[in-house]
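Student: Could you take a close look at the salt bridges of this structure and at how accessible their residues are?

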Amino acid sequence: MGKAKILYIEDNLDNMILVKRILEIEGYEVIQAETGEEGLAKAFESHPDIVITDINLPDIDGYTITTKLKQDQGTAHIPIIAMTANVMKKDKQTVFEAGCDGYISKPIDVDELPIQIENFLKGNIKWNSQ
Ligand code: MN
(Lines give C-alpha, C1' and ligand atoms only; values in the text may rest on other atoms or scores of the structure.)
Protein backbone atom coordinates (compact mmCIF):
# COMPACT_ATOMS: atom_id res chain seq x y z
CA MET A 1 0.00 0.00 0.00
CA GLY A 2 1.35 3.39 -0.93
CA LYS A 3 1.84 6.06 1.64
CA ALA A 4 -1.00 8.44 2.31
CA LYS A 5 -1.67 11.74 0.60
CA ILE A 6 -1.79 14.63 3.04
CA LEU A 7 -3.23 18.07 2.37
CA TYR A 8 -1.54 20.67 4.56
CA ILE A 9 -3.15 24.11 4.76
CA GLU A 10 -0.79 26.64 6.31
CA ASP A 11 0.02 30.30 5.65
CA ASN A 12 3.21 30.39 7.72
CA LEU A 13 6.07 29.56 5.38
CA ASP A 14 8.42 28.30 8.11
CA ASN A 15 5.83 25.83 9.36
CA MET A 16 5.01 24.78 5.80
CA ILE A 17 8.64 24.02 4.98
CA LEU A 18 9.23 22.19 8.26
CA VAL A 19 6.11 20.03 8.24
CA LYS A 20 6.34 19.27 4.53
CA ARG A 21 9.94 18.15 4.94
CA ILE A 22 9.13 15.87 7.90
CA LEU A 23 6.14 14.30 6.14
CA GLU A 24 8.01 13.78 2.88
CA ILE A 25 10.88 12.09 4.70
CA GLU A 26 8.24 9.69 6.04
CA GLY A 27 7.21 9.01 2.47
CA TYR A 28 3.91 10.86 2.46
CA GLU A 29 2.71 12.80 -0.53
CA VAL A 30 2.13 16.37 0.62
CA ILE A 31 -0.22 18.76 -1.13
CA GLN A 32 0.23 22.29 0.13
CA ALA A 33 -2.18 25.19 0.30
CA GLU A 34 -1.49 28.63 1.73
CA THR A 35 -5.03 29.98 2.05
CA GLY A 36 -8.33 28.52 3.14
CA GLU A 37 -9.94 28.78 -0.28
CA GLU A 38 -6.95 27.12 -1.92
CA GLY A 39 -7.13 24.39 0.71
CA LEU A 40 -10.82 23.78 0.07
CA ALA A 41 -10.30 23.65 -3.69
CA LYS A 42 -7.44 21.18 -3.33
CA ALA A 43 -9.40 19.01 -0.89
CA PHE A 44 -12.30 18.70 -3.33
CA GLU A 45 -10.02 18.11 -6.31
CA SER A 46 -7.35 15.78 -4.92
CA HIS A 47 -9.23 13.75 -2.26
CA PRO A 48 -6.44 13.55 0.33
CA ASP A 49 -6.36 10.77 2.94
CA ILE A 50 -6.08 13.36 5.68
CA VAL A 51 -6.17 17.15 6.02
CA ILE A 52 -3.97 19.09 8.41
CA THR A 53 -5.08 22.67 8.73
CA ASP A 54 -3.79 25.73 10.46
CA ILE A 55 -6.62 27.65 12.16
CA ASN A 56 -5.62 31.26 11.49
CA LEU A 57 -5.43 31.76 7.75
CA PRO A 58 -5.61 34.97 5.70
CA ASP A 59 -9.08 34.34 4.29
CA ILE A 60 -11.33 31.72 5.84
CA ASP A 61 -10.22 30.00 9.04
CA GLY A 62 -9.60 26.34 9.75
CA TYR A 63 -12.98 25.96 11.47
CA THR A 64 -14.81 27.14 8.36
CA ILE A 65 -12.74 24.82 6.18
CA THR A 66 -13.62 21.92 8.46
CA THR A 67 -17.31 22.73 8.44
CA LYS A 68 -17.39 22.94 4.64
CA LEU A 69 -15.49 19.68 4.13
CA LYS A 70 -17.65 17.83 6.65
CA GLN A 71 -20.83 19.09 4.96
CA ASP A 72 -19.83 17.75 1.54
CA GLN A 73 -20.47 14.07 0.84
CA GLY A 74 -17.28 13.78 -1.20
CA THR A 75 -15.04 14.94 1.64
CA ALA A 76 -16.99 14.29 4.86
CA HIS A 77 -15.05 11.08 5.58
CA ILE A 78 -11.62 12.71 5.45
CA PRO A 79 -10.05 13.13 8.89
CA ILE A 80 -9.24 16.76 9.63
CA ILE A 81 -6.52 17.63 12.07
CA ALA A 82 -6.28 21.18 13.37
CA MET A 83 -2.76 22.42 13.95
CA THR A 84 -2.97 25.20 16.44
CA ALA A 85 -1.13 27.08 19.13
CA ASN A 86 -4.44 27.66 20.89
CA VAL A 87 -4.23 24.90 23.44
CA MET A 88 -6.55 26.26 26.09
CA LYS A 89 -9.44 24.00 26.99
CA LYS A 90 -11.95 26.38 25.44
CA ASP A 91 -10.06 26.30 22.15
CA LYS A 92 -9.94 22.50 22.12
CA GLN A 93 -13.70 22.56 22.52
CA THR A 94 -14.03 24.92 19.55
CA VAL A 95 -11.84 22.65 17.42
CA PHE A 96 -13.98 19.68 18.41
CA GLU A 97 -17.28 21.48 17.79
CA ALA A 98 -16.13 22.58 14.34
CA GLY A 99 -15.92 18.89 13.46
CA CYS A 100 -12.16 18.40 13.52
CA ASP A 101 -11.09 14.83 14.24
CA GLY A 102 -8.08 15.82 16.26
CA TYR A 103 -5.44 18.44 16.74
CA ILE A 104 -1.71 18.86 16.87
CA SER A 105 -0.23 21.55 19.09
CA LYS A 106 2.18 24.18 17.89
CA PRO A 107 5.09 24.51 18.22
CA ILE A 108 5.48 21.35 16.20
CA ASP A 109 7.38 18.49 17.81
CA VAL A 110 9.43 17.09 14.92
CA ASP A 111 9.86 13.69 16.58
CA GLU A 112 6.21 13.35 17.57
CA LEU A 113 4.64 14.56 14.33
CA PRO A 114 5.20 11.36 12.28
CA ILE A 115 3.79 9.28 15.14
CA GLN A 116 0.77 11.54 15.49
CA ILE A 117 0.08 11.40 11.75
CA GLU A 118 0.43 7.64 11.67
CA ASN A 119 -2.04 7.33 14.54
CA PHE A 120 -4.52 9.65 12.88
CA LEU A 121 -4.28 7.65 9.65
CA LYS A 122 -4.86 4.40 11.54
CA GLY A 123 -8.08 5.86 12.83
CA ASN A 124 -6.83 6.58 16.31
CA ILE A 125 -7.93 10.08 15.72
CA LYS A 126 -9.99 11.19 18.67
CA TRP A 127 -7.96 13.64 20.67
CA ASN A 128 -4.90 11.46 21.01
CA SER A 129 -2.56 14.36 20.48
CA GLN A 130 -0.81 16.07 23.33
MN1 MN B 1 -1.69 30.92 10.24
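Tutor: A residue is termed buried under 20% relative accessible area, exposed over 50%, and partly exposed in between (1.4 Å probe, protein chains only). The model is predicted, so that local features need pLDDT of at least 70 and side-chain atom pairs pLDDT 80 or more, while totals for chains, interfaces and linings use all residues. Residues are numbered from 1 along each chain as its sequence is written, and side-chain values use heavy atoms, without hydrogens and water.

There are 6 salt bridges in the structure, each a side-chain nitrogen of Lys or Arg within 4 Å of a carboxyl oxygen of Asp or Glu. In helix α1 (residues 13-25; helices are DSSP runs of H or I, at least four residues, and strands runs of E, at least two, numbered from the N terminus), E24 and K20 stand 4 residues apart, about one turn. Their closest N and O atoms are 3.2 Å apart. K20 is partly exposed because its relative accessibility is 22%, and E24, at 38%, is partly exposed as well.

Helix α2 holds E38 and K42, also separated by about one helical turn, and their side chains meet at 2.9 Å, N to O. E38 is partly exposed at 29%, as is K42 at 23%.

D101 pairs with K70, with closest N and O atoms 2.9 Å apart. This pair links distant parts of the chain, 31 residues apart: D101 lies in the loop between α4 (89-97) and β5 (102-105), and K70 in helix α3 (residues 62-71). D101 is buried at 9%, whereas K70 is partly exposed at 25%. Elsewhere, shared partners join E10, D54 and K106 into one network.
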